[in-house]
Amino acid sequence: MATTRDNGAVALTGFVNNWQAGKTLPQCNRHMLDTEDNSDVIFRAENEDISINAHRYVLVSRSCVLHAILSDPLAVKSDVTMPADNSDTFKQFLIYLYTDSTSMDTDNAKSLLDLSRKYSVTKLENMCLEFLDTGQTATTNVPHEHMTSGDNWQAGMSLAECNMRMLNTEDGCDVTFLVGSERHMIKAHRYMLISRSCVFDAMFADDVAKSSDVSVPDMTPNHFQQFLIYLYTDDTSLDSDNATVLLHAARKYAVTLLEDKCLQFLQLNLSVDNACGVLDIAYRYEYEELFEAALVFVKGQGQRCLQSQGFLMLSKELVDQIILSSDLIAFNHVVLNALYRWSEYECRRQGREITPESKKAVLGRTLEKMTCYLDSSLVQELRAANMLYHVQGEEYRFRSQGIKADLLSQFDCINILETISSGNQGTMSDEVPEKTADVSTSSYQTSERRYETTRNCYTYYGLSDAILFRCNKKINLHGFQLYGPLRGSANYDVITNILDSNISIPSSVLDSSYTVDDDDEVFDVMYNATVAIKAGVWYTLVAKILGPDSRAGYGGNIQICCPDGVVLDFRNSERSKNGTSVTVGQMPAFVYSLR
């Protein structure tokens, strides 16, 4: 009975001479022919003490005649009489079978033509006829004594095409792989495996291994089949679904050309769906260039990457490297939600019961270390996202939806939130914002724009835009305007609030998404409830915006006068980290009504 060997722990390099590294299919075949490694057929000259060793797999896959001669299993390792031609010419004939190319000159062209006809190798026959310029066309006749029920399927096929047919039909397969959790059987050829991979070469080095079943538990049948296709043809279809899996297989079995191909594909095709998976495999296998590219992408697209399924698969080390990065572009509450989801998933992965204590154990001090990267808008974001509300005294509580209190409270997150939202950053009002009547029913107007001109290319990095403003009259502020996209329709996420002496005004807290056409130079961001603005008081309007590049205002004024007598003054705000100021940036106009 065949034995089953789990090759999952096979070392990648160092235990064998990896001569296959960097070699193409024809180059691997040529090496096998020249070294006679694992050869199982001997061609002998009739009247001379000359022999050439070859491989049954290559012979039967390239010639219907040799397929017929060697079709009997008893023929393996048997002697085959070499034609009366010069042995050097016969070696050139074999080189063609192994590589799809050969050295042809005036001395050997006629002999190669005769051999190609004898063994019914029509592509070589055409090459010889073209070289000799005879005007003839290749025949596809097979000598009667060698006719088989399969006919001459090899006729006109290239090396890769012949290999592919052998794989698909399982003709002469002598290795069985048991793939995936259900141990799906996939058959292959020992010759192809050892000629393309030093790992397989070591696995099948002894005669006992020839009939063994090989367990491949870490791949799906479809992905492993794609891997075999590369070994047989030097080509396979890479896509976002299989590239990381094939990279893992290429690394595991030391197939360096496929490894390079996968690395190049992944670096050029990073997406929100695959970036975390790419980051993980690049980290594990120390692909520095790919790792840096994936890390920059994940941090730059943090708002979406942190919500992807791939983020849950990351190790604690990578989670910390992303979360604790000062240039991560994501809202604070998205970061916290990502940590909550990851901690639950990690508990399941480790077989732990999902409790506050187990989440604390898997997260360690990550949340505590996060505090230096969180900005003062955290509490406003959490309240706007309906995750947090304020009760009497100095206590914050988390709602049942969104981030769960059991995770955050274990890490004294309440104290962290209080620290961020108090002290130099100001404190939160005890009021819970209540939604008033729909502002669309109120009578309001839009102020004059504070910028003289509009230009393109304003980029959002997940940082806050802010401006200081004051009004000469008491007004109700219904909202403000932002600039629209450069081209096409675009989605923008906006989290905003207004600070009065570093204290957030509850009715100004807003977290909304907007779809804006490029025809709209500006769009309105409207509050759920009006914000009462006192006369002569300086306020800070803060907005964190995520979305594609937009237009921006230039040539700003420190004061604008509206027809109704309202005068708005502006100053730069130290809270503005994304570029908005009196002279350039966002918040071009206010939507208000007189009180």
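**Exercise 1. Place phenylalanine 297 in its helix, then decide whether it is buried, partly exposed or exposed.**

Step 1: Phenylalanine 297 sits in helix H14 (residues 288-300). Helices (H or I, at least four residues) and strands (E, at least two) are DSSP runs, numbered from the N terminus. A quick note before we go on: this is a predicted model, where local features need pLDDT of at least 70 and side-chain atom pairs count only at pLDDT 80 or more, while totals for chains, interfaces and linings use all residues. Residues are numbered from 1 along each chain as its sequence is written, and side-chain values use heavy atoms, with hydrogens and water left out.

Step 2: Now the cut-offs: buried means under 20% relative accessible area, exposed over 50%, and partly exposed in between (1.4 Å probe, protein chains only). Phenylalanine 297 has a relative accessible area of 22%, so it is partly exposed.

Step 3: Look for leucine 270 too. It is 27 residues from phenylalanine 297 along the chain, and their C-alpha atoms are separated by 7.5 Å.

**Exercise 2. Work out the strand order of the sheet that holds E11, E19 and E22, and find its edges.**

Step 1: The order is E11-E19-E22, in an open sheet of three strands with antiparallel pairing. Strand E11 (451-458) and strand E22 (584-585) each have a single partner strand, so they stand at the edges and one side of each is left without a neighbour in the sheet. Two strands pair here if DSSP finds at least two bridges between them. As background, strands of a sheet pair through backbone hydrogen bonds, either parallel or antiparallel.

Step 2: Count the bridges. E11 and E19 are joined by five, running antiparallel, and threonine 454 has glycine 553 in E19 as its bridge partner. Strand E19 (residues 550-556) and E22 are joined by two, also antiparallel. There, tyrosine 554 is partnered by valine 584 in E22.

Step 3: Check how enclosed E19 is. Five of its seven residues are buried, so E19 is largely enclosed by the rest of the structure.

Step 4: Find the charge over a ring. The charged end of arginine 455 sits over the ring of tyrosine 554, 4.6 Å from its centre. The test is that NZ of Lys or CZ of Arg is within 6 Å of the ring centre and within 35 degrees of the ring normal. Arginine 450 lies over the face of phenylalanine 570, at 5.1 Å from the ring centre.

**Exercise 3. Count the aromatic pairs, then classify the one made by tyrosine 460 and tyrosine 492.**

Step 1: Rings of Phe, Tyr and Trp (its six-membered ring) pair if their centres lie within 6.5 Å; planes under 30 degrees apart count as stacked, over 60 as edge-to-face and the rest as tilted. That gives 22 aromatic pairs.

Step 2: For tyrosine 460 and tyrosine 492, the ring centres are 6.1 Å apart and the planes are at 80°, so the pair is edge-to-face. These two come from distant parts of the chain, 32 residues apart: tyrosine 460 is in the loop between E11 and strand E12 (464-471), and tyrosine 492 is in strand E14 (residues 490-500). Both tyrosine 460 and tyrosine 492 are buried.

Step 3: Spot a cluster as well. Phe177, Phe200, Phe204, Phe224, Phe227 and Tyr253 form one aromatic cluster.

**Exercise 4. Describe the backbone angle phi at aspartate 100 and at methionine 587, and say how accessible each residue is.**

Step 1: Start with the general rule: most residues other than glycine have a negative phi.

Step 2: Aspartate 100 isn't a glycine, yet has a positive phi of about 70°. You'll find aspartate 100 in the loop between helix H4 (87-99) and helix H5 (109-118). Its relative accessibility is 25%, so aspartate 100 counts as partly exposed.

Step 3: Methionine 587 isn't a glycine either, and its phi is positive, about 55°. Methionine 587 lies in the loop between E22 and strand E23 (590-594). At 0% relative accessibility, methionine 587 counts as buried.
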